[in-house]
Amino acid sequence: MNVSLSEIVNAITSGFAQFSFGDAVDIILLAYLIYKLIIWTKETRAYQVLKGFALLFLVYFVVQVLEMNTISFLMGSIMQSGIIVVVILFQPEIRRAFEHIGRGTLFERGILNGLEQESSDDVREIQKAVLNMARRHVGALLVIEQNVALGDISSTGTRIDGRISSALIENIFEPNTPLHDGAMIIRGDMILAAGCFLPLSDDTDISRELGTRHRAALGISTVSDSVTIVVSEETGVISSAKDGKLVRYMDAKALKDLLDSIFVKQPGGKMFTRFFTRRSKNGK
């Protein structure tokens with residue numbers, strides 16, 4: 001079908017002629033709500049699901065334009081049940097949203113700022129703290145955030161927002177202190193929170209000698225791309241978890257190599273490949 005330029009101009013002019021003040025307010029409010037939704041979920045794992053939904057809507061729009069009727073029908077059927085899917089997937093976030101609405105604090109989140117990291121200092125401080133705690137058999141659970149934000153996990157603990165230091169890490173995990181039993185969340189060069197609750201792994205193949213800390217480390221590693229360092233309270237053994245795999249009996253050099261691969265950002269992720277493909281989840 002041939003459409004002349006004048007017909008296109010006339011259609012656009014006609015559209016603007018019917019555009020009212022109410023339409024402008026409607027568009028602005030919708031854009032604002034979408035923006036706030038993105039900011040609100042930015043620090044949570046729900047952000048990844050939200051991006052998936054956005055991609056799904058984009059594909060649906062493309063198949064509609066290309067008149068791919070079969071795929072369009074199938075995707076239309078999925079879209080019709082989208083509200084139910086959203087409620088199921090975002091149930092924890094929806095509950096927290098209503099809590100924020102009740103307190104009048106729904107839109108008080110700020111945008112994350114980029115942080116300049118002194119990588120070698122961070123590696124040295126974390127390594128020093130972990131080795132000291134292992135030597136003294138002090139149990140510890142350090143979750144280092146990667147691309148998937150853990151804001152929903154950090155909200156279960158106590159906000160710290162402190163610069164990484166061995167003294168602060170060891171103080172938090174000191175026995176008989178309020179936060180020593182939970183997990184510490186590290187974001188960039190900051191200790192984001194401590195005393196946090198992690199999802200436990202329900203894998204029945206995990207060795208029985210592993211305790212709650214190790215199960216929690218495996219649990220968070222299966223729902224995010226975080227790297228978790230565990231110090232056993234009973235044995236002082238240092239372990240690390242990523243992608244549902246546990247590496248045990250790490251020495252000082254192995255620990256430093258792992259931390260370097262996170263904070264120094266070595267190309268290709270070779271350190272992760274070497275660490276997390278050589279042993280199974282039960283550490284054997």
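**A surface patch, two cores and a set of salt bridges**

Helix α3 (residues 46-65) supplies six residues to the nonpolar patch, the largest share of any contributor. In this predicted model, the patch sits on the surface and is made up of Leu 55, Leu 58, Val 59, Phe 61, Val 62, Val 65, Leu 66, Met 68 and Ile 71. Taken together, these residues have about 810 Å² of accessible area. One of them, Leu 66, belongs to the loop between α3 and α4 (69-80). With a relative accessibility of 54%, Leu 66 counts as exposed, because the cut-off for that label is over 50%.

Stepping back to the chain as a whole, the secondary structure adds up to 12 helices and seven strands. The protein chain has 284 residues, and 41% of them count as buried. Its exposed surface comes to about 16,600 Å², with carbon and sulfur atoms supplying 61% of that area. As for how the chain folds back on itself, take the contacts between residues at least 6 apart in sequence: 65% of these join residues at least 24 apart.

On the inside, the largest nonpolar core holds 31 residues. Ile 126, Leu 142, Ile 169, Ile 229 and Phe 263 are the ones with the most contacts inside this core. Both helices and strands feed into it: α7 (119-135), α9 (166-173) and α11 (252-263) each give two or more residues, and so do β1 (140-144), β3 (183-187), β4 (190-196) and β5 (227-231). There is also a second, separate core of 19 residues, with Ala 183, Leu 192, Ala 193 and Ala 217 among them.

Helix α9 gives a neat view of how one of these elements is oriented. Its buried residues are Ser 166, Ile 169, Glu 170, Ile 172 and Phe 173. Looking down the axis of α9, the buried residues fall within an arc of 160°, so they line one face of the helix.

Strand β4 is home to Cys 196, which is buried at 4% relative accessibility. Leaving aside residues up to four places away in sequence, Cys 196 touches Ile 153, Ser 154, Thr 156, Gly 157, Gly 182, Ala 183 and Ile 185. One of these neighbours, Ala 183, is also a member of the second core. Cys 196 and Arg 159 are 37 residues apart along the chain, and their C-alpha atoms are separated by 9.4 Å.

Val 264 offers another case of residues brought together across the sequence. It is found in the loop between α11 and α12 (270-276) and counts as partly exposed, at 42% relative accessibility. Val 264 and Val 123 are 141 residues apart in sequence, yet the C-alpha to C-alpha distance is 8.5 Å.

Turning to charged side chains, a search of the whole structure turns up 11 salt bridges. In helix α7, Asp 121 and Arg 124 lie three residues apart, about one turn of the helix, and their side chains meet in a salt bridge at 2.3 Å, N to O. Both partners are partly exposed: Asp 121 has a relative accessible area of 26%, and Arg 124 has 47%.

A second bridge within a helix is found in α11, where Asp 257 and Lys 253 are four residues apart, again about one turn of the helix. Here the closest N and O atoms are 2.9 Å apart. The two ends of this bridge sit in opposite settings, with Asp 257 buried at 12% relative accessibility and Lys 253 exposed at 57%. Elsewhere, Asp 122, Arg 163 and Asp 189 are joined into one network by salt bridges that share partners.

The bridge between Arg 213 and Glu 233 has an N to O distance of 3.4 Å. This pair links distant parts of the chain: Arg 213 is in helix α10 (residues 212-223), while Glu 233 is in the loop between β5 and β6 (238-242), 20 residues apart. Arg 213 is buried, with a relative accessible area of 15%, whereas Glu 233 is partly exposed at 38%.

Conventions:
Residues are numbered from 1 along each chain as its sequence is written. This is a predicted model: local features need pLDDT of at least 70, side-chain atom pairs count only at pLDDT 80 or more; totals for chains, interfaces and linings use all residues. Side-chain values use heavy atoms; hydrogens and water are left out. A nonpolar core is a set of buried Ala, Val, Leu, Ile, Met, Phe, Trp, Tyr and Cys residues joined through side-chain atoms within 4.5 Å. Buried means under 20% relative accessible area, exposed over 50%, partly exposed in between (1.4 Å probe, protein chains only). Patches are made of residues with over 30% relative accessible area and no salt bridge: like charges are joined within 9 Å, nonpolar side chains (Val, Leu, Ile, Met, Phe, Trp, Tyr) within 5 Å. Accessible areas come from the Shrake-Rupley method with a 1.4 Å probe; for residues, only the protein chains shown count as cover. A salt bridge is a side-chain nitrogen of Lys or Arg within 4 Å of a carboxyl oxygen of Asp or Glu. The arc is that of the directions from the helix axis to the C-beta atoms. Contact means heavy atoms within 4.5 Å.
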